[in-house]
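Me: I'd like to go through the labels for this one and see what stands behind each of them. Can you take me through the reasoning?

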Amino acid sequence: LFYYYEDKLKHLLTFKELNSEYFVQSHRSFIINTQYISYIEGNQAKIGEILLPISQSYRSQVLEKFKG
């Protein structure tokens with residue numbers, strides 16, 4: 001995972017370094033914390049007021065972690 005700070009790309013950590021008990025990849029560009037999902041409907045997960053995409057290839061993994 002990377003982030004920008006003062007126009008420089010910084011390395012935060014890798015997906016494997018996250019606590020895999022709570023985090024799951026939901027899309028090629030998204031990793032979500034399942035503790036904050038309000039609900040999942042169709043191909044989207046709601047966290048707060050934000051709807052995040054869930055791709056077909058990651059859907060079963062997201063549902064498994066969310067129900068877990």
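Reply: Sure, starting with a definition: a contact here means heavy atoms within 4.5 Å. Keep in mind that this is a predicted model. Among the contacts in the protein with a separation of 6 or more, 28% come from residues 24 or more positions apart.

Me: What makes a residue count as buried, and how many of the 68 residues do?

Reply: The cut-off is under 20% relative accessible area. In this protein, 22% of the 68 residues count as buried. The accessible surface comes to about 5400 Å², and carbon and sulfur atoms hold 50% of that.

Me: Which pattern do the helix and strands follow along the sequence?

Reply: It reads β-β-β-β-β-β-β-α, with 1 helix and 7 strands in the protein.

Me: How do you know that β6 and β7 pair, and in what sense?

Reply: Two strands pair if DSSP finds at least two bridges between them. Strand β6 (residues 44-47) and β7 have 4 bridges, so they pass that cut-off, and the pairing is antiparallel. One of the bridges links Q44 to P53 in β7.

Me: Why are β5 and β7 said to stand at the edges of the sheet?

Reply: The open sheet has 3 strands in the order β5-β6-β7, paired antiparallel. β5 (39-41) and β7 (50-53) each have a single partner strand, so one side of each lacks a neighbour in the sheet. On average, neighbouring strands of this sheet are turned by 30° against each other, ignoring direction.

Conventions: Residues numbered from 1 in each chain as written. Predicted model: local features only at pLDDT ≥ 70, side-chain atom pairs only at ≥ 80, totals over all residues. Heavy atoms only, no water. Helix = DSSP H or I, 4+ residues; strand = E, 2+ residues; numbered from the N terminus. Axes fitted to C-alpha atoms, helices over the stretch in contact; angles between N-to-C directions. Buried < 20%, exposed > 50% of the residue type's maximum accessible area, 1.4 Å probe, protein only. Areas by Shrake-Rupley, 256 points an atom, 1.4 Å probe, with all protein chains shown as cover.
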